[in-house]
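Dear colleague,

I am passing the structure below on to you, and would be glad if you read the notes beneath with the coordinates open.

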Amino acid sequence: MRGSSRRAFVAGASLALAGCGRAVGGGRQRATLWFAYGGKNREVLLSLVARFNASQARYQVTPTYQGDYFECLAKTRTAIYAGVAPTFTHVVGEVRPYLAGAGVLEPLDDYPGASTLGLVPALSQRGSYTGADDQPLWAVPFNRSTPLLYCNAAALDAAALSPPESWDELVAAASRLTTRDGAHTTRWGYEVPIDWWFFCASLAQAGGSLLDATGSLSLGGDAGARALRLWQRLIHDERSMRPPPGRDYNAWQATNQDFLAGRAAMVCTSTAFLRYMEENARFSVRAARLAGLVRRAVPTGGTFFTVLRGAPPAEKEAAWAFLRFMCETPQAIEWATRTGYLPVTEDAVATLRRSGHYERSPNDAVAQAQLGDAVGWPWSRELFRVQREIVTPRLEAAVLQNLDAARVIADARREAAAG
Amino acid sequence: MLGPSVLVLATFFVAPLALAVRDSLTSWDLLSPPVYVGLANYARLVASGELAALVGRTLQFALVVVSLSMSLGLALALALNRPGRLVAFVRSAVFSAYVVSWVSVALLWMWLLDADQGVFAAGARALGLGRVGFLTDPGVARLTLAVVTVWKITGFSMVVFLVGLQDVPRDLLEAASLDGAGAWARFRHVTWPLLRPTAAFVGTTSLIASFQAFDVVRVMTQGGPVKATTLLVYAIYEQVFLDLRVGRASALTVVFFALLSGLSMLQLWLMRGRGGRA
């Protein structure tokens, strides 16, 4: 009796598991979404998922929080291997060529309406990469952003400064805004995470690019060295920049906290935090485009939605329905205006413009205007490895230990060439 | 009778270790099929100097953690091995750190150790030491994490030593006193020899705890600054979850296992009196 009960339980559980991922009550087709990031972004995303589920009776999206971008990617990758991956997720731009090359992403060109989403070119797959014109559509933009300069308006006004437009102005403004009590720095003029994304911004501003004309990693050559020297100068010579403690997104969080607490007068971080900064700062927040050296330039960041190839076709259909829903103007606008991410469709931008949103929210207008400075990532399967294994480990050492910048860049190029 | 134990051991210890050995001979990202590369992962770890640096950092960290947590735990046990409500309160207070979650402890210490706003930074400035980056200076960060770990696990060492002290016969100590032995002589010739098995246990568990340090690194420094706090377990995590290098992570896991096993055996042998006299 006990044995037959156990067999019945196992059979029932197996049937229940088999049913999972196919359909839920009421005959709805279910799709599972693994998403990254908590706080405000999570709150807004969940509200939009709930709206999607309530807006129609055919599909049901089940979202699951999976930590930060890296954690979500690690879990997704492990789940793919274990055969329990979600239907769709969202991943950062640098890793997408790697995932596409590994054959785990679903090409989306043939899904209904894929060519008429009306995406903002600089935020779409084609506009976000160079050398990706012949690639299938692997992804749909979701939470897209660029780095942005956040200024404490009261501190700027008190020092009779306007946001810096050049690197020299940035250095001068950071020094002017730094306050000290003896040896103790009570407010830092400038703060930015010692991180790949911001290094790429400086490298592009110095006129460089990650790859040279032959497709080999160059890290901008002299431009890369100049980008490193800017941070070295601010930290060691001017002592006006605080390198935030921690690495990766922990350093980003520390930067935000220092700005909100008044410990840093200007910080460089993602447009993603625009609403968060405005709502939590006890002073007026003034956003500005990043300063330039030979040009203004920013990389795009954030993530794209990607559907996983191994999911059942019916689940992929449900996921695609949700992606189209998110690209509809009301949702694209709501996601952008409630978080600070950039609206991903041209109609959303035009609607916001017509409604006077950018006059009412000048910081949003700055972020939107800066999109004109966006530079694309090279579509290279090695991009992710370059980030994680070549550049990121060297940045901290080069900047904090004031190493010879040109030698650091040369060493990185040598290691990349050696494979 | 041995069946269940063997099954558990095989499932959760032998099989994962065998899989790690197998995977360490491959280049694999979990997405594409693994490619057999022989000992290339080990060779790369050695040739790049990464393995030596990792082992060196981990041993330095373990040395501070084991020596300080053992000596402090023993000193506290000797001082608090007496009746009284106040003593019981102090014992509980010291042990409480051990039962608090690592994440809470790490967050608390990050706040205390902030280079600009933290209590310890203010103390350092008052002493004329200038700005001390407890968590941001590559020369200081590893020691800082070791001290935080000592603060966290010393309560456990103290409790185990207290248990060991209960087994020291009082008549032996009284006899030594009658023979004119002072406090130090009683400790050296009576208490310590009887505590050696306990010390071997504390030393081994502290060594394992220090080698397994992950939470404190993950929350407080993420391996930085400049890899100063990238210890073995954190490096394994980085390789497999952030860099998508399963083969290299597995090679590090095998090295980690061999190193920790060897050190534990050496420590047990030394502390039990070279030949199992304990």
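What follows describes the two chains in turn and then the contact between them.

Please bear in mind that this is a predicted model, in which local features need pLDDT of at least 70 and side-chain atom pairs count only at pLDDT 80 or more, while totals for chains, interfaces and linings use all residues. Residues are numbered from 1 along each chain as its sequence is written, and chains are lettered from A, and ligands numbered from 1, in the order in which they are written.

Chain A contains 18 helices and 16 strands, where helices (H or I, at least four residues) and strands (E, at least two) are DSSP runs numbered from the N terminus. Its C-alpha atoms occupy a box of roughly 80 × 55 × 50 Å along the principal axes. The radius of gyration of chain A is 23 Å, which agrees with the value near 22 Å for a compact globule of 419 residues; the radius is taken over C-alpha atoms, and the globule rule is 2.2 Å times the number of residues to the power 0.38. Of the 419 residues of chain A, 52% count as buried, that is, with 20 or more other C-beta atoms (placed from the backbone) within 10 Å of their own. Among contacts in chain A between residues at least 6 apart in sequence, 73% join residues at least 24 apart, a contact being a pair whose C-beta atoms, placed from the backbone, lie within 7 Å.

Chain B has 12 helices and two strands, and its elements run α-β-β-α-α-α-α-α-α-α-α-α-α-α from the N terminus on. The box filled by the C-alpha atoms of chain B is roughly 75 × 60 × 30 Å along the principal axes, and 33% of its 278 residues count as buried. Helix α7 of chain B (residues 141-166) has 26 residues and should span 38 Å at 1.5 Å a residue, and its end C-alpha atoms are indeed 38 Å apart; the expected span is 1.5 Å times one less than the number of residues. There is nevertheless a kink of about 40° in α7(B), centred on Ile153(B), the bend being the angle between axes fitted to the seven residues ending there and the seven starting there.

The contact between the chains takes 24 residues from chain A and 20 residues from chain B. On the side of chain A that touches chain B, the elements giving two or more residues are α3 (69-82), β9 (184-191), α10 (248-260) and α17 (383-400), and α3(A) provides the largest share, six residues.

With best wishes

How values were computed:
Contact = placed C-beta atoms within 7 Å. Buried ≥ 20, exposed ≤ 12 C-beta atoms within 10 Å, placed from the backbone.
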